[in-house]
Amino acid sequence: MQILDGKIVSQAVKDDLKQKTAELISKGGKTPHLAAILIGNNGASETYVASKVKNCEEVGYNSSLIRFETSVDEATLISTIEKLNADDDIDGILVQLPLPKSINEDKIISLIHPDKDVDGFHPMSIGKMIQGLPTFLPATPYGILLMLEHYKIETKGKYAVVIGRSNIVGRPISILLNRNTYPGNCTVTVCHSHTHNLKEICLQGDIIIAALGIPEFLKNDMVKEGAVVIDVGITRVPDTTKKSGFSIKGDVDFTNVAPKCSYISPVPGGVGMMTIAALLMNTFNAAKIKSEK
Ligand SMILES: NC(=O)c1ccc[n+]([C@@H]2O[C@H](COP(=O)([O-])OP(=O)(O)OC[C@H]3O[C@@H](n4cnc5c(N)ncnc54)[C@H](OP(=O)(O)O)[C@@H]3O)[C@@H](O)[C@H]2O)c1
């Protein structure tokens, strides 16, 4: 069994981006600049955004963090996005999800200019992804592809089972694994909360992507010998032994599933780190495209 180590792979991606960024700037291109919008003070969102900003600095990008109270009204958010869209120095815009219930998430995401949609959530980006056209891929699925690529994991002809069908993880990774390219060419089944015989379906999976948000859902008796298991789940569970009062759990019962796997990604230290690496890739590409215009 080999661990799919998000720390190692994301560091390799960042080292490469650091070098490419320096090259881009030395050739007269612009310094990539990511703008992140954070609303409210959800602990997990705070941590993710702080990490994204820190990682931008690490590879030599500029970053701007724009914060609002939970009570922010939609009009203020809309005008902020419009300003960022019009600002030539901003290459990528991300709005940290989830948004407060009073704000229409789909509407806000669709206002981000597709050229700056480095999270890959805009309907235009999703449409292009489905058609296999060049675009920004959603960061978490893209991170999973980068991980598969790094470890040269064979995907052609494999049976992939994706648990979860959200717009940001399950559905896009199912489409990407099904593309006629590498990583891809899988036969894919997407499972959700109404799926019958989930265990039997998972037992057929050469590759299982667990993205449902239920800690340790995927058990040892749901996985066949030699499977590749990718754990996307991140759930904070109360833990009195930790200073923070919680620990992070994935969607896979790692201890008992790992011995059966050919490859498995841990939580933490797996896909989460790859999501940030993918976001940095998208931001670099946005700046590069702009620099070449
Ligand atoms: N590593 C990262 O960077 C990263 C990025 C994003 C998300 N995440 C984590 O990944 C997990 C999933 O996130 P998400 O945004 O995709 O979640 P989501 O929007 O809540 O979607 C969860 C999906 O799982 C399905 N599901 C729920 N219970 C199920 C069950 N018992 N059996 C089968 N399917 C079930 C749901 O089915 P229905 O459609 O029928 O409701 C839904 O499609 C969360 O833990 C999240 O924190 C991690």
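**Exercise 1. State where the domain assignment places each domain of the protein chain, and how far apart their centres are.**

Solution. The assignment divides the protein chain into domain 1 (28-114) and domain 2 (139-271); such bounds come from an automatic or database domain assignment. Taken over C-alpha atoms, the centres of domain 1 and domain 2 are separated by 28 Å.

This is a predicted model, in which local features need pLDDT of at least 70 and side-chain atom pairs count only at pLDDT 80 or more, while totals for chains, interfaces and linings use all residues. Residues are numbered from 1 along each chain as its sequence is written, and side-chain values use heavy atoms, with hydrogens and water left out.

**Exercise 2. Work out the strand order of the open sheet of three strands, and explain why one side of β3 and β4 is left without a neighbour.**

Solution. Step 1: settle the terms. Helices (H or I, at least four residues) and strands (E, at least two) are DSSP runs, numbered from the N terminus. Two strands pair if DSSP finds at least two bridges between them.

Step 2: read the order. The sheet runs β3-β2-β4, and its pairing is parallel. Because β3 (62-68) and β4 (92-95) stand at the edges with a single partner strand each, one side of each has no neighbour in the sheet. From one strand to the next, the twist averages 15°.

Step 3: check one pairing. Strand β2 (residues 33-39) is joined to β4 by four bridges, and L34 stands opposite G92 in β4.

Step 4: add the helix. Helix α3 (residues 74-86) lies across β2, β3 and β4, at about 175° to β2. Contact here means heavy atoms within 4.5 Å. Axes are lines fitted to C-alpha atoms, for helices over the stretch in contact, and angles run from 0 to 180 degrees between N-to-C directions.

**Exercise 3. Do the same for the open sheet of six strands.**

Solution. Step 1: the order is β1-β11-β8-β7-β5-β6, with parallel pairing. The edge strands, β1 (2-3) and β6 (187-191), each pair on one side only.

Step 2: two bridges join β1 to β11 (residues 263-264), and these strands run parallel. I3 has I264 as its bridge partner in β11.

Step 3: helix α7 (residues 170-177) lies across β5 (159-163), β6 and β7 (207-210), and runs at about 170° to β5.

**Exercise 4. Describe the second largest pocket by its volume and its lining.**

Solution. Step 1: on a 1 Å grid over the protein atoms alone, a pocket is an open set of points where a 1.4 Å probe fits, with protein on both sides within 12 Å along at least five of seven lines; lining residues have an atom within 4 Å of a point.

Step 2: the second largest pocket holds about 490 Å³ of space. Its lining has 22 residues, and P114, D115, F136, A286 and I289 lie nearest the centre.

Step 3: α5 (123-131) and α10 (271-292) are the elements that give two or more residues to this lining. The largest share, five residues, comes from α10.

**Exercise 5. Locate the cis peptide bonds from Y182 and V267, and the positive phi of N197.**

Solution. Step 1: most residues other than glycine have a negative phi, and most peptide bonds are trans.

Step 2: the bond from Y182 to P183 is cis, with omega near -10°; P183 sits in the loop between α7 and β6. The bond from V267 to P268 is also cis, with omega near -5°, and P268 belongs to the loop between β11 and α10.

Step 3: N197 is not a glycine, yet has a positive phi of about 55°. N197 is found in the loop between β6 and α8 (198-204).

Notes
Grid points are joined across faces, edges and corners, and a volume is the space filled by probe spheres set on the points.
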